[in-house]
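This report considers selected features of a single model, taken from the surface to the interior. The sequence and structure are shown first.

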Amino acid sequence: MDLPEDELVAAIRKVLSGAGPEVLIGPGDDAAVVAAGDGQLVLTTDALVEGTHFLRSLSAPRDLGYKAIVVSVSDIAAMAASPRFALCALTLSDVVEAGWVMELFGGMREACEEHAVWLVGGNLARGSEITIAISVTGEVVPGRAVSRSGARVGDRVVVTGELGAPAAALRIVRSGSPPRGEAELAAVRRLERPTARVGEASVLAANGATAMIDLSDGLGLDLSRLCAASGVGASVSVEVVPVAAAATPEDALGGGEDYELLATLPDDEAVARTGSELRGVFGVSLTEIGRIIEEGLVAVGSDGRERPLETKGWDHFRARSE
Ligand SMILES: [Mg+2]
């Protein structure tokens, strides 16, 4: 591919520009929002590709199925919507056995049950490698979806949970040696079985979140996307970014697959209220990591020095399967 992912998406959006009035949020957010009957429908799709997103030798099919559903549910959550239905388009290569496929769907079913989602259909095709393409629909109260584009100057930038565990886990898994100690085990578990923050997203929305995105491609890159969509910048205090036990600060800033929520809240009171609700109801932390500013992406170090925030993250067309 001769374009980075975000530039390709921008080019595709130009080709698709001009939608009907039923399209409330089109391409470029975590999910689309459309008017449907009296309500609003939220739509997203994603694919896990063998060799790019997973290796059959390293991933159990049950975990893969689970993860395939959860990463799309996470995109529905990031709009502050409730996931409802899923479809699966599965491409299988000749080497795959039926038992592997049954395990895959067993994992999908587990994730669907956890989120009250029904897998209602799909398609099977044959190809040179396995691709698990999942579409998930959700519902949202009309007008209540939270997009990436509503952040305003002065908003607080917050993140749920701790970051970097999946990036650390990827290193452990690829090293070939088994995870050691509780922190490494938890990190690998987190990579294999991510959590979609559905309830947490609705708490953020109820407390006035102005913009929200799920962290799939790394904090720096996903924050840059939220800021670009909102036409603002951000300043991040690097030392307060919550780093998971097995991870490094670099994992937390630039690793992907956290599936935590990055959101903007209007004031200190909203941050305090949201934080205590998330802790009380879900046992999940909320950390204020910075502020929305007029422009630029700035990382402030513990010495107070400012430098540009690294926004490399996970670009699917640059990523190399190992
Ligand atoms: Mg997303």
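## Nonpolar surface patch

In this predicted model, F85, L87, W118 and V120 form a nonpolar patch of about 420 Å² on the surface. Two elements each give two or more residues to the patch, namely strand 4 (82–92) and strand 5 (118–126).

F85 belongs to strand 4. Its relative accessibility is 32%, so F85 is classed as partly exposed.

## Magnesium site

The magnesium ion has three protein donors, D30 (OD), D75 (OD) and D214 (OD), at 2.0 to 2.1 Å. Along the sequence, these donor residues follow the spacing D-x44-D-x138-D. D30 and D214 bring together distant parts of the chain, being 184 residues apart. D30 lies in the loop between strand 1 (23–25) and strand 2 (32–36), whereas D214 lies in strand 8 (residues 211–214).

D30 has a relative accessible area of 6% and therefore counts as buried. D214 is likewise buried, with a value of 1%.

## Nonpolar cores

Nonpolar side chains tend to be buried together in soluble globular proteins. The largest nonpolar core here comprises 51 residues, and I132 and L204 touch the most other members. Elements giving two or more residues to this core include the strands 3 (39–49), 4, 6 (131–140) and 10 (261–265). The helices that do so are helix 2 (61–77), helix 3 (98–114), helix 6 (198–206) and helix 9 (268–282). Helix 2 provides the largest share, eight residues.

Beyond its neighbours within four places in sequence, L204 is in contact with V158, T160, A209, M212, L261, A263, L265, T274 and L286. A second core of 23 residues is separate from the largest one; L215, A234, V241 and A299 are among its members.

## Surroundings of V157

V157 is situated in strand 7 (residues 156–160). With a relative accessible area of 0%, V157 is buried, because this value is under 20%. The C-alpha atoms of V157 and A263 are 5.9 Å apart, although 106 residues separate the two along the chain.

When neighbours within four places in sequence are set aside, the contacts of V157 include L223, L262, A263 and T264. V157 is also in contact with T287, E288, I289, G290, R291 and I292. A263 thus appears among the contacts of V157 and among those of L204.

Terms used. Residues numbered from 1 in each chain as written. Predicted model: local features only at pLDDT ≥ 70, side-chain atom pairs only at ≥ 80, totals over all residues. Heavy atoms only, no water. Patch = residues over 30% accessible without salt bridge, like charges linked within 9 Å, V, L, I, M, F, W, Y side chains within 5 Å. Areas by Shrake-Rupley, 256 points an atom, 1.4 Å probe, with all protein chains shown as cover. Salt bridge = Lys/Arg side-chain N within 4 Å of Asp/Glu carboxyl O. Helix = DSSP H or I, 4+ residues; strand = E, 2+ residues; numbered from the N terminus. Buried < 20%, exposed > 50% of the residue type's maximum accessible area, 1.4 Å probe, protein only. Donors = N, O, S within 2.8 Å, 3.2 Å for Na, K, Ca; no water. Core = buried A, V, L, I, M, F, W, Y, C linked by side-chain atoms within 4.5 Å. Contact = heavy atoms within 4.5 Å.
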